[in-house]
Each structure stands twice: as structure tokens, then as C-alpha cells.
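Student: Please examine one part of this model closely, namely its charged pairs, and set out where they sit and what surrounds them. I would value a single connected account with every cut-off stated.

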Amino acid sequence: ENYSQMKQGATCEILTYSIEKKSDLQATGVHLIKSKGSFGVKFKTQGLEKNAFVCNIPGYFSVYNALVAIMICHLLKIKTSYINAALKEVRVPGRVEVVSVPKPYTVIIDHAHNEASFRNIVTTMLVYKPKRILCVYGCGGDRDHKRRYQAGRIMSYYRCFSIVTADNPRTEKFIDIAEMIINGILSNDGEYILIEDRKEAIEYALEHAVKGDIVLCLGKGHEDYQILNTGTIKFSEKEVIQNYFKEIQSD
């Protein structure tokens with residue numbers, strides 16, 4: 001919305017990129033990719049770079065991120081084949097990170113931790129038409145209390161099943177944080193279950209998810225720790241997910 005003002009004040013050459021509007025580099029024919037263990041987008045470009053690209057990070061926002069990367073690489077005279085190869089492989093730990101699982105559902109880790117980021121990740125997933133979305137999340141202690149009600153409200157608004165758990169409770173009691181989240185969930189008659197232990201909460205989601213579901217583990221992202229009122233402990237959601245499937249396969 002501030003594009004025009006920024007353009008008027010620029011003292012350098014301006015290049016634009018877009019999906020909807022005519023620009024120096026424009027994405028066309030955007031297609032969502034959904035296959036076992038993989039979510040992403042593929043698209044063609046016209047203008048500065050004419051080619052087809054694939055990005056294995058889900059959502060339309062990934063197209064915008066890819067476009068600016070493509071433009072910069074083009075200006076640096078990097079070969080298109082290198083750009084395409086890199087886009088297929090690029091991952092950002094804890095940012096819409098798809099964790100490979102041996103089940104016909106999808107598991108994603110993301111750092112979303114407030115109403116706006118929850119809305120973004122959920123609406124991104126809804127475009128892929130999942131059967132259900134199961135969300136494992138909580139809210140941080142010693143942080144803005146309003147976020148808690150808003151988090152629960154947005155999840156129930158989009159009819160996600162909430163698995164309310166501990167995030168980083170810090171000096172607060174888990175139940176005090178959870179009650180505020182639940183008030184938000186109930187504002188839209190949402191469904192939820194309360195499981196304080198985050199490992200158990202994730203395992204519950206993995207056990208109850210069925211074909212076509214998406215399991216979202218939100219709030220921790222790339223973090224490999226959890227801050228409890230008793231201190232900081234080692235905790236990796238990715239490891240919890242991977243270990244869960246190792247255990248059930250060995251049984």
C-alpha cells in the first residue's frame with residue numbers, strides 16, 4: 001500500500017515483481033503442489049526471466065519470496081539452471097517446515113505465535129484443501145495476555161482442532177495461560193483438548209491425524225529448547241516427531 005510513496009522517493013533504478021500486476025518480473029500460472037511429504041508451488045515467469053520454477057515451501061507468499069530471489073540472482077548474472085536447482089532445495093528451519101512422516105497426512109512446524117501469523121499459516125494451509133487442520137500450540141508466559149484470547153479465537157474461526165499445550169510458560173502457570181486461549185476458542189464454539197506436556201500433545205496429534213489431515217505445530221519453529229517455570233530444557237519438535245515414528249515402527 002506504500003508502494004507509490006516509496007517509488008516517488010527512490011533515487012535509484014526501480015524494478016518490480018508481482019503475481020497479479022504487470023511488472024518487470026511477473027509470476028504466471030501459479031499452481032499449488034501437494035504430494036506425500038511435500039507441499040509447494042510451481043509457476044512460470046515472464047519479463048526479466050522467462051522460465052518455469054518450483055519452490056518446495058507452501059503458500060503464495062513463497063512465490064513472492066522466490067520472485068525477489070530470482071530477480072536478484074538474475075541481476076547477478078547467475079544461471080537460470082542454478083536458480084531453479086536452489087529453489088527446489090531451499091528450506092528455512094522452523095518456517096513452514098514440512099517434516100517427512102510415513103503417514104498419509106502432513107506435518108508442518110512453524111514459528112507462528114500470534115493472531116496475525118496464526119491466520120497466515122492457517123489460510124495458507126486451507127488453500128491446499130485439507131480434510132482437517134489439527135493445531136498444536138500455546139502462548140508464551142510473561143507476554144501480552146491479549147494474544148492468548150486472539151490465538152484461540154482465530155483457530156476456532158477457521159474450524160481448526162486446537163490441541164492447547166505449553167509453549168514457553170516462563171514464570172506463569174500453564175493453566176492460567178490455557179484458560180485465556182480456551183476463552184478465545186469457545187467464542188466461536190471451537191473444539192479443543194488440553195495437554196500440558198508439549199511432547200504428549202504432539203504425539204496425540206500424530207496418533208489421531210488421518211489421511212488428508214494437516215498437523216500444525218506452532219510457536220516453537222526452529223527453537224530447540226522450552227522455557228518452563230522450573231528452568232530451560234532441551235526440546236525439539238522435529239526430534240519429537242521423528243522419534244515418535246521410530247518408536248511405533250519398532251513396536
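Tutor: The account below starts with conventions, then takes the salt bridges in turn together with their surroundings.

This is a predicted model: local features need pLDDT of at least 70, side-chain atom pairs count only at pLDDT 80 or more, and totals for chains, interfaces and linings use all residues. Residues are numbered from 1 along each chain as its sequence is written, while side-chain values use heavy atoms, with hydrogens and water left out.

Side chains of opposite charge can pair when their charged atoms come close. A salt bridge is taken here as a side-chain nitrogen of Lys or Arg within 4 Å of a carboxyl oxygen of Asp or Glu. Searching the whole structure by that criterion yields ten salt bridges.

One of them joins E172 to R148, with 2.6 Å between the closest N and O atoms. Because E172 belongs to the loop between β8 and α6 whereas R148 belongs to helix α5, this pair ties together parts that are 24 residues apart in sequence. Helices (H or I, at least four residues) and strands (E, at least two) are DSSP runs, numbered from the N terminus. Both partners, E172 and R148, are buried; that word means under 20% relative accessible area, with exposed meaning over 50% and partly exposed in between (1.4 Å probe, protein chains only).

The same loop between β8 and α6 also holds R170. R170 has a phi near 55°, a positive value in a residue other than glycine. Most residues other than glycine have a negative phi. R170 counts as buried because its relative accessible area is 19%.

Helix α5, the home of R148, deserves a closer view. Its twelve residues (146-157) should span 16 Å at 1.5 Å a residue, and the end C-alpha atoms lie 17 Å apart, which agrees; the expected span is 1.5 Å times one less than the number of residues. R148 is accompanied among the buried residues of α5 by A151, G152, I154, M155 and S156. The buried residues of this helix pack against α4, β7 (133-137), β8 (161-164), α6 (174-186) and β10 (214-218). Just after α5, R159 adopts a positive phi of about 60°.

A network of salt bridges links E115, R119 and R153. E115 is among the buried residues of α4, a group that also contains F118, I121, V122, T124 and M125. For helix α4 (residues 115-126), twelve residues at 1.5 Å each should span 16 Å, and the end C-alpha atoms are 16 Å apart, which agrees.

Further along the chain, E237 bonds to R198 in a salt bridge whose closest N and O atoms are 2.7 Å apart. This pair links distant parts of the chain: E237 is in helix α8 and R198 in helix α7 (residues 198-208), 39 residues apart. E237 is classed as buried because its relative accessibility is 1%, and R198 is likewise classed as buried because its value is 2%.

Helix α7 also contains both E203 and K199, four residues apart, about one turn of the helix. Their side chains meet in a salt bridge at 2.8 Å, N to O. E203 counts as buried at 16% relative accessibility, whereas K199 counts as partly exposed at 39%.

K199 leads back to helix α8 through V240. V240 lies in helix α8 (residues 237-250). Leaving aside neighbours within four places in sequence, V240 is in contact with K199, I202 and F235, contact meaning heavy atoms within 4.5 Å. V240 and E200 are 40 residues apart in sequence, and their C-alpha atoms are 9.3 Å apart in space. With a relative accessible area of 9%, V240 is buried.

To draw these pairs together: E172 and R148 are both buried, E237 is buried at 1% with R198 at 2%, and in the pair of E203 and K199 a buried residue at 16% meets a partly exposed one at 39%.
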